[in-house]
Amino acid sequence: FAVDIWLQRFRQRIAVMLSRSLPRVSAPHAAGSTGHGASQVAQTLSFPRCSLGAQLERHHSTVYYSLWASVAAASLVGRTGSKGSLRRSRRRIQALGESESDEFQSLESLAAGLDLAKRSGDTALAEKLKTQLEEAEASSPFLALRWRQKRKLQVALETVLLGVKDPLPSRIEAVAALEQLASPPLAEAAAEEALHTILREVSGKGAEALRESAESALWNCWLAHDDEEVSAEMKKGLTLLEGERMQEALQVFSGVIEMAPDYAEAWNKRATVHYLLNMYDESIYDCHRVLELKPKHFGCLAGLGLCYNSSSGNAQEAAKWYKEAMKVHPYMRGTRANLDAIERQGILQTHLQPRLERTIEAMKHGSFEAEDLPVGLSVDWDVHSVLPRGSLSSDLKLYFFRVCLRNKALGTRAIRSLGRFYTLRFDGGRVFPLLRPTEGAAEFVLEPGEEYRYAWAFTVSQELVGMVGGMLLERLDSVGESDEKRFLPISLDSLNFSDAPTVPMTRVEELCEGHFYMGQLDLREVTDS
């Protein structure tokens, strides 16, 4: 009885929600049709019985239902399994289409009703709705084309961001579909924005390949032009640029700008030539013109950083523009390396050196306490004492260390290593610190759900009795934000060497399996002095 009351109330709430979802709108229909516009889609949508044996009741024949959001939600929940992730992704997708006109609603409602009818197995209703949708599209072909473009955009973005179980080739094809929508002659601004969204927010398995596809798609969109003469001249200029015939390329790109002054990529290519000719002021001027037309042109933003760094050695201004580029595209390796060259040492001195100094004092007094880890991250490490081979000195002490860092956070927060430190305490009380940037092969980027394992060895002449460590990580999506949001300090708990297992040298290779080996550091000179 309680279940029946609940179902009755549930049906009433559904009926009220659907009846209020949109005003009654009459969709245009083809001449000679039976007049079944969107306002007359007052049909019963036969839902399959749920596990409780209930079925949604019929509603009044003049109520106009807008069910597209519900259909999309049901589809996305089935694919992601996460309501929180669904809500965030739906907001991102819906934000791209908020400028839709009310006329799109009739088509969307018909499509949604058709989808629900197919799902429920109501073949007769599905056929009727299909006919009405075809009539509505035929009555306004241009509107139908725009609507189908927007649907294609929504499905493509959903496939890339949420289709984590889809094959990677299918998701890359969805990126190609967005490229087509964002390209002339009918370039859809929302499709270009969707490609930028992928650059910033795609994560998980296949994320790197999808970002590369989105980046390539954006460059192709920017280069494309709907005027054949302009395109031919642009191609000529690119050939000259690749052949390093700079003066000729400069003339050609200037000519393209005269032909199509709103063609952003022509300005960008001329900016490139000016930079290569050491004409930095002219390049900066062209870059700003690009940004007036394409504010998210990450190539141009990074180019401004190069110009300021090369022309006046103004590292701060260069860093500003590198950060602007990485706000748009957080994964540009070249730009990240250029920013590191300016900032890395200063960042380590500001954010890592003070922590190292605190651990030195704590180790001297035996009062070290590890800091809480940032939410979503975990770290484990261990140490093994390795028995030297028989021919080696009996005074030699060899320790083998392993670390595993996990980015357990959901969402799109990828992190990168910037530096790490260790503070060693030897038998007798001596404390020795090490601080190093994680550059080259030592650097790593960790996507959500991934882990990074690395190992190394210390050779010493005195026994180690204690050791602590720490890292500094960077959120790649927060390079232009405050230091508090951008940087993540990580503490490694104190190791107890008295509990360290002793293993023969032959076991080291086995212990190292699955870890990136950083090498062996000989500290005997430190411990002997």
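How much area does the protein chain expose, and what percentage of it do carbon and sulfur atoms supply? Hello everyone, that is where I'd like to start. The protein chain exposes about 26,500 Å², and carbon and sulfur atoms supply 50% of that area. Please keep in mind that what we are looking at is a predicted model.

Now the general layout. The protein chain has 20 helices and ten strands. It contains 529 residues, and 47% of them are buried. If we take contacts between residues at least 6 apart in sequence, 70% join residues at least 24 apart.

Let's go inside. In soluble globular proteins, nonpolar side chains tend to be buried together. Here, the largest nonpolar core has 66 residues, and the members that touch the most others are V175, L195 and I198. Have a look at L195 on the structure. Setting aside its neighbours within four places in sequence, L195 is in contact with V175, L178, E179, A182, A214, A217, L218 and C221. Apart from that core lies another one, made of 33 residues; V383, L446, Y454 and V526 are among them.

On to the charged residues. Side chains of opposite charge can pair when their charged atoms come close. How many salt bridges does a search of the whole structure find? The answer is 33. I have picked a few to show you.

Start with K269 and E265, which form a salt bridge whose closest N and O atoms are 2.3 Å apart. The two residues sit four apart in helix 12 (residues 264–276), so about one helical turn separates them. Are they buried or exposed? Both K269 and E265 are buried.

Next come K327 and E324, with a salt bridge of 3.2 Å from N to O. These two are three residues apart in helix 15 (residues 315–328), so they too are separated by about one helical turn. K327 counts as partly exposed because its relative accessibility is 39%, and E324 is partly exposed at 28%.

My third pair is E451 and R406, whose side chains meet in a salt bridge at 3.2 Å, N to O. This pair links distant parts of the chain: E451 belongs to strand 6 (residues 451–460) and R406 to strand 2 (residues 397–407), 45 residues apart. E451 is partly exposed at 38% relative accessibility, and R406 is partly exposed at 23%.

Finally, there is a network of salt bridges to find on your screens. It links K323, R336, D340, E343, R344, R416, E443, E474 and R486. Thanks for listening!

Key:
Residues are numbered from 1 along each chain as its sequence is written. This is a predicted model: local features need pLDDT of at least 70, side-chain atom pairs count only at pLDDT 80 or more; totals for chains, interfaces and linings use all residues. Side-chain values use heavy atoms; hydrogens and water are left out. Buried means under 20% relative accessible area, exposed over 50%, partly exposed in between (1.4 Å probe, protein chains only). Contact means heavy atoms within 4.5 Å. Accessible areas come from the Shrake-Rupley method with a 1.4 Å probe; for residues, only the protein chains shown count as cover. A nonpolar core is a set of buried Ala, Val, Leu, Ile, Met, Phe, Trp, Tyr and Cys residues joined through side-chain atoms within 4.5 Å. A salt bridge is a side-chain nitrogen of Lys or Arg within 4 Å of a carboxyl oxygen of Asp or Glu.
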